Amino acid sequence: MIYEPEAETRPREQLRALQLDRLQSLIEYVKTRVPLYRDRLANVDPADIASLDDLRRLPFTRKDDLRDTYPFGMFAVPREEVVRIHASSGTTGKLTAVGYTAADIDLFARVNARSLAMAGGERGMTLHNAYGYGLFTGGLGLHYGGERMGMAVVPVSGGLTERQLMLITDFRPDVIACTPSYALTLAQAFRERDVAPEKISLRYAVLGAEPWTEAMRREIDAGLGVRSTNIFGLSEVIGPGVSCECVEERAGAHVNEDNFLPEIVDPNTGEPLSEGEEGVLVFTTLTKEALPLIRYWTGDITSLRSDPCACGRTLARMDRIKGRADDMLIIRGVNVYPTQVEAALLQLPELTPNYRIVISRSGTLDEADVEVEVSEEFLGDEELRARAEARLRESIGCSIGVRLSARGSVPRSEGGKLQRVLDRREL
Ligand code: DLL
């Protein structure tokens, strides 16, 4: 089902014309309303932007711009027009505040209704929403999207796994929304209680907010008996609902491009890259009122494609996020993303998806070890350990030590974003 068929299946030339039109209005809008843009875009006239290619002439906006103007310095509307404020803490702990007008909240609901439809959701279904409610955008974003779509939303929020299992068993939801790591926690908890996947009512899972892999998808689909899709978003741009995979192809997340204009740029030079090339994802918000952003540098690494999709949507698709530029580890000179480690490990069926990467320093060199849980029979299995190390070496190109540990020794997701890397270098 397509939630907004006209907007989601527009011929791409028409979409580009709409984007250009909205971009020109946006430039006018931010220049008159946001001091930072008034200064930075002093020499840019909306008429100078004659095609979408001219976007490259505009400067990037970065997280530091939001921090420097914290909390509300980049808001484009007076405080009386703001009806909601969310905040995200990021890795460094400093907050970024984001605001919404009533029209922004409406957009937030619509793009999440679109996403739920992409993921298989329909009016009349029940949505078990286990994303955190609060300053995090996940809970309320999917909540409003589900209601807008006409679903019965169960606002469970994250954590309290026992209660989640009970609610899923009793309310028999069709769709679950949560982080992929928490979906795995729930799947494992069901298994430990001998509940077979066929007995679980769930049919679809809308998973995101953290990087995950195809191998992880197979585990979750099998464990919960669902067809899971990847939903992406970030607070600065709106929250969840920036893009979502369609259940038909599950080959890249359709970006709600009529509202969020994506680009992929070279991480070092900032030059735009072509379709299929991997680089940093950058967004310009075309329709947001309270916090409009020009060329926002997400730091996320992915690529874009705009070939036709079986679902009929013409919206371009973004590949899975490989990692964030700042999550990249450099192990003896080799660039490594945690998702690469996950993909390599999960090729071995004896290993579970419960793992963490521990970074330490010996002398001047950074070293990495992965601690991965195995069932009791494989504890101390030297052959398995060597095979896992060889697999990592082959697929990543540097040596990473493997430690096989007992079930329950690696921290599980409690509902929020799971921290997969333990950095011991500073200790
Ligand atoms: O994580 C919004 C969200 C909520 C998305 C629920 C999906 C579902 P932030 O807390 O601001 O917002 O974090 C944004 O999380 O820049 C990515 O690095 C990462 N991220 C979000 N979705 C995905 C995903 C929400 N599907 C940051 N795959 C982004 C990989 C993701 N990384």
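Here are a few friendly notes on the salt bridges in this predicted model.

1. To start with the overall tally, the model contains 35 salt bridges. Three of the pairs are taken up below, along with a network.

2. A pair within a helix: D106 and R110 join through their side chains in a salt bridge, with an N to O distance of 3.2 Å. Helix α5 (residues 102–118) holds both partners, which sit four residues apart, or about one turn of the helix. D106 has a relative accessible area of 29%, so it falls between the 20% and 50% limits and is partly exposed. R110 is also partly exposed, at 23% relative accessibility.

3. Further along helix α5, have a look at R114. Its salt bridge partner is D258, and the closest N and O atoms are 2.8 Å apart. This pair ties together distant parts of the chain, 144 residues apart, since D258 lies in the loop between β9 (253–255) and β10 (260–265). Both R114 and D258 are buried.

4. A second link between distant parts of the chain is worth a look: D221 and R250 form a salt bridge, their closest N and O atoms being 2.9 Å apart. D221 belongs to helix α9 (residues 214–224), whereas R250 is in the loop between β8 (239–245) and β9, and 29 residues separate the two. D221 has a relative accessible area of 14% and R250 one of 18%; because buried means under 20%, both count as buried.

5. Finally, which residues share a network of salt bridges with D106 and R110? The network also takes in E4, E8, R114, R148, D258 and R313. The pairs in points 2 and 3 therefore belong to one linked network.

Terms used. Residues numbered from 1 in each chain as written. Predicted model: local features only at pLDDT ≥ 70, side-chain atom pairs only at ≥ 80, totals over all residues. Heavy atoms only, no water. Salt bridge = Lys/Arg side-chain N within 4 Å of Asp/Glu carboxyl O. Buried < 20%, exposed > 50% of the residue type's maximum accessible area, 1.4 Å probe, protein only.
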